[in-house]
Amino acid sequence: MNKSRRDGASSPANGRQGNDWDTRRKRKIADITQALSVSPVDVAALRRMAISEGGLLTDEIRCQVWPRLLNVPPHVLEQEPEKVDREDNKDYNQVLLDVQRSLRRFPPGMPDEQREGLQEELIDIILVVLKRNPQLHYYQGYHDIVVTFLLVLGERLATALVEKLSTHHLRDFMDPTMDNTKHILNYLMPIIERVNPEVHDFMQQAEVGTVFALSWLITWFGHVLSDFRHVVRLYDFFLACHPLMPIYFAAVIVLYREEEVFECECDMAMVHHLLSQIPQDLPYETLISRAGDLFVQFPPSEMAREAASHDSMAAITFKDFDLASTQQRPDSVLRRRRKQKQAALERSAANAVVTVAQPSAARRFVRLAVMGLTVALGAAALAVVNSALQWAPKLDLFP
């Protein structure tokens, strides 16, 4: 199935640049293989590989690494997904309509019979995840994320990973209302304002809002990018990072298009139309690097007060930089967060204008990888708060 399209990220075309890339690519594959071969698996190294240039390179590698990035246990990966009674499922009709409209998400030239079989598997994955997790609510655009996992991993692995993703990174989008989704969108303008106040002011004057970025956020850009290589490259990045990284990437796209924005008439409809039509020839590696820089400079904890008075479910469980290396119990972490919250907000208010030196590439990748590790720990902390279950320290969070 994976052979029906090209794998991974694009590489330089030819010449010396191409030879250099081939050398780096081989070295990276060796590093990934080494990280997978040690016991316990070096998840931090895998995150660095997913973030750095080219991402995870091939779908064969993604099949091995994505489960590690989401900390899905091997015994879960081996389970065959059960079948769901479609006719009695409240979401089936809407899921069916969305999947039937998803033809463009499948590789061009794929035989109809193969595509139709994959669409049936896509429906099954979605319904299984929703059945297992009745607290989750289907939203239009969810299938765009699920189909990416299906095309890369196949039905069995995709089911396990999508379930983990849905209860963690995507949890805010799967509430009964869009309140948390709107809150995450509210981070967009403060990030833009920190970097380029002129672009921010222009957009505010046009009253364009942030709805243009909604489909970017809730589909992890899967719905708006036509080249599958770019989609999986972004998924490598997002899976290795904080759940709010997609909104930082949305901000760098807007900032990258600064000239187009200023050339546009300062009118809500005009600016919305411009920004909602995402270019297909973006310099993805440059933008990924820039998004990482912005996250380090303006972490969610610093932006939360400007975004809104409350945090999203995914973001509230996240401690920005040093939590992964401490191996603290989540209950003590939460107590510490409560004590530090007011002080952090006061520091954020006192430093309305912040200038931070650009971190080196190596340092940035390390810090982003550490941040990614804390996502799983943050989710566990949330579980402690909500269900009072005992923390299980045996998870492979700290290789």
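In this predicted model, the loop between α2 and α3 (59-69) contains Leu57, a residue that adopts a positive phi of about 75° although it is not a glycine. Most residues other than glycine have a negative phi. The relative accessibility of Leu57 is 3%, and because buried status requires a value under 20%, Leu57 counts as buried.

A second residue with a positive backbone angle is found in the loop between α12 (214-218) and α13 (228-239), where Phe221 is located. Its phi lies near 70°, again a positive value in a residue other than glycine. Phe221 has a relative accessible area of 0% and is therefore buried. The loop that holds Leu57 is bounded on one side by α3, while the loop that holds Phe221 is bounded on one side by α13, and these two helices, α3 and α13, pack against each other.

The axes of α3 and α13 are 10 Å apart and form an angle of about 30°. Because angles under 35 degrees count as roughly parallel, α3 is described as roughly parallel to α13. The crossing in which α3 passes α13 is left-handed. On the side of α3, the contact is made by Arg62, Trp66 and Leu69, and on the side of α13 by Val232, Arg233, Tyr235, Asp236 and Leu239. By residue class, the contact of α3 with α13 comprises 5 nonpolar and 3 charged residues, with no polar ones.

A further backbone feature concerns the peptide bond that runs from Ser39 to Pro40, which is cis, with omega near 0°. Most peptide bonds are trans. Pro40 is placed in the loop between α1 (15-37) and α2 (43-51), and α2 in turn borders the loop in which Leu57 lies.

Helix α17, which covers residues 284-297, consists of 14 residues and reaches 20 Å from its first C-alpha to its last, close to the 20 Å expected at 1.5 Å a residue. Of the 14 residues of α17, 10 are buried, so that the helix is largely enclosed by the rest of the structure. The buried set includes Tyr284, Leu287, Ile288 and Ala291, and it also includes the run formed by Gly292, Asp293, Leu294, Phe295, Val296 and Gln297.

Key
Residues numbered from 1 in each chain as written. Predicted model: local features only at pLDDT ≥ 70, side-chain atom pairs only at ≥ 80, totals over all residues. Heavy atoms only, no water. Helix = DSSP H or I, 4+ residues; strand = E, 2+ residues; numbered from the N terminus. Expected span 1.5 Å × (residues − 1). Buried < 20%, exposed > 50% of the residue type's maximum accessible area, 1.4 Å probe, protein only. Axes fitted to C-alpha atoms, helices over the stretch in contact; angles between N-to-C directions. Parallel < 35°, antiparallel > 145°, perpendicular 65-115°, else oblique. Left-handed = near helix turned anticlockwise from the far one by under 90°. Contact = heavy atoms within 4.5 Å. Nonpolar A, V, L, I, M, F, W, Y, C, P; charged D, E, K, R; others polar.
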